Amino acid sequence: MDAEHLKRKLEREIRGAVEKFRERDDITCRFGEPAVGYVSVDDVRFDMLFARGFNGHPREIYRPGRTIILYYLPLAEETVRANEEAAEPTEEWVRAYYESLWLAMAVNQTIREVLTGQGRLISGLSNMVTWDDGELREDWSFKFAAAIAGLGEMGPAGSFHSEGGYGGRVGGMITDGMYADRPEELDGEARQKALAELLDPCLYEGPCGDDMIAACPGGAITESGIDRALCRDYCRKFNETTPVPEVCGKCFRFKR
């Protein structure tokens, strides 16, 4: 099967996996239609993120890998809006963190079945619940990879904004197959600009506006930026082992 036919099959099967997940009796949250993208592990932006300690490198995680298959699973708009309007993270928003994790596992299994059926090697990149308390981040960010793939862009506290909104789960798998476009050659100023386009929207260094400061229930946001440690301390109230900003998400709607 050629690359384009395989990609169409992958995208069809991923949509089917999401539809099947929606029918489970133990699922309370609603998810919209998934978006799928592909990025080469040879994109120089992975090198830059890794060298500066912002993210793991896909080749370090899985050496045979050549393409990362990424997906974005958006939450229903009413779940997102309810969380925006509440003083603290809503029960449904926190629940969606876990349910989106279960959905990602189902999608990953679907991707694995499609690709192994074609004789391809495939691996996960993260168990999606790994937290480095020293670095105050996950070991691997699917969101950086999705932004590089063109599925959307980064936002406050390392959130991800796409056409489907900002409330949802980004995940993916890595394979030895070649399904992504050849990465653009970058050097000098172009490299620095590309890195800034990924990092600056995260607002770990300000400026942050008054509305965004007021929206943070953990007091982690000031005019000068987002304090990762204070954000972690607040989010630990909702997820003790993986205190990621996703379990709160109150600042995610804002953009630089």
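## Strand pairing in the sheet

Leucine 70 has glycine 172 of strand 6 as its bridge partner. That bridge belongs to a pairing seen in a predicted model. Strand 2 spans residues 67-74, and strand 6 spans residues 168-175. The two run antiparallel and are held in register over eight bridges. Strands of a sheet pair through backbone hydrogen bonds, either parallel or antiparallel.

The sheet that contains them is open and has four strands. Its order is 1-2-6-3, and the pairing is antiparallel. Strand 1 (35-40) and strand 3 (122-123) are the edge strands. Each of these pairs on one side only.

## Valine 36 on strand 1

Valine 36 is found in strand 1. Beyond its neighbours within four places in sequence, valine 36 touches Glu11, Ile14, Ile69, Leu70, Tyr71 and Leu151. Leu70, the bridge partner of glycine 172, is thus one of the contacts of valine 36.

What is the C-alpha to C-alpha separation of valine 36 and valine 170? It is 9.8 Å in space, while the two residues are 134 apart in sequence.

## Helix 1 against the sheet and helix 5

Helix 1 covers residues 3-22 and lies across strand 1 and strand 2. Its direction is at about 135 degrees to strand 1.

Helix 1 also meets helix 5 (residues 91-116). Two packed helices are described by the angle between their axes and the distance between the axes. Here the axes come within 9 Å and cross at roughly 145 degrees. The crossing is right-handed. From helix 1, the contact uses Leu6, Lys9, Leu10, Glu13, Ile14, Ala17, Val18 and Phe21. From helix 5, it uses Glu99, Trp102, Leu103, Val107, Thr110, Ile111, Val114 and Leu115. By class, 12 of the contact residues are nonpolar, one is polar and three are charged. Ile14 of helix 1 takes part in this contact, and Ile14 also touches valine 36.

## The largest pocket

Rolling a probe the size of a water molecule over the atoms shows where empty space is left. The largest pocket has a volume of about 480 Å³. Its lining has 28 residues. Closest to the centre are Phe144, Gly158, Cys202, Tyr204 and Arg228.

Helix 6 (142-149) and helix 9 (228-235) each give at least two lining residues. Helix 9 gives the most, with three. The lining divides into 14 nonpolar, four polar and 10 charged residues.

## Two cavities

How many cavities of 30 Å³ or more are there? The count is two. The largest has a volume of about 320 Å³. It is lined by 23 residues, and Lys143, Gly168, Arg169, Val170 and Glu246 lie nearest its centre. Helix 5, helix 6, strand 5 (159-161) and strand 6 each supply at least two lining residues. Helix 5 has the largest share, with four. By class, the lining has 12 nonpolar, seven polar and four charged residues.

The second largest cavity has a volume of about 110 Å³. Of its 15 lining residues, the closest to the centre are Cys216, Cys231, Cys235, Cys248 and Cys251. Helix 9 gives the most to this lining, with three residues. The lining has 13 nonpolar residues, one polar and one charged. Helix 9 is also the top contributor to the lining of the largest pocket.

## Backbone exceptions in the loops

Most residues other than glycine have a negative phi, and most peptide bonds are trans. Three loops hold exceptions. Glycine 206 and proline 207 are joined by a cis peptide bond, with omega about 5 degrees. Proline 207 sits in the loop between helix 7 (189-199) and helix 8 (210-215).

Leucine 136 has a positive phi, near 60 degrees. It lies in the loop between strand 3 and helix 6. Alanine 157 is not a glycine either, yet its phi is positive at about 55 degrees. Alanine 157 is placed in the loop between strand 4 (153-155) and strand 5.

Note on methods. Residues numbered from 1 in each chain as written. Predicted model: local features only at pLDDT ≥ 70, side-chain atom pairs only at ≥ 80, totals over all residues. Heavy atoms only, no water. Pairing = 2+ DSSP bridges. Contact = heavy atoms within 4.5 Å. Axes fitted to C-alpha atoms, helices over the stretch in contact; angles between N-to-C directions. 1 Å grid on protein atoms, 1.4 Å probe; cavity = no way out; pocket = protein on both sides within 12 Å on 5 of 7 lines; lining within 4 Å. Points joined across faces, edges and corners; volume = space filled by probe spheres on them. Nonpolar A, V, L, I, M, F, W, Y, C, P; charged D, E, K, R; others polar. Left-handed = near helix turned anticlockwise from the far one by under 90°.
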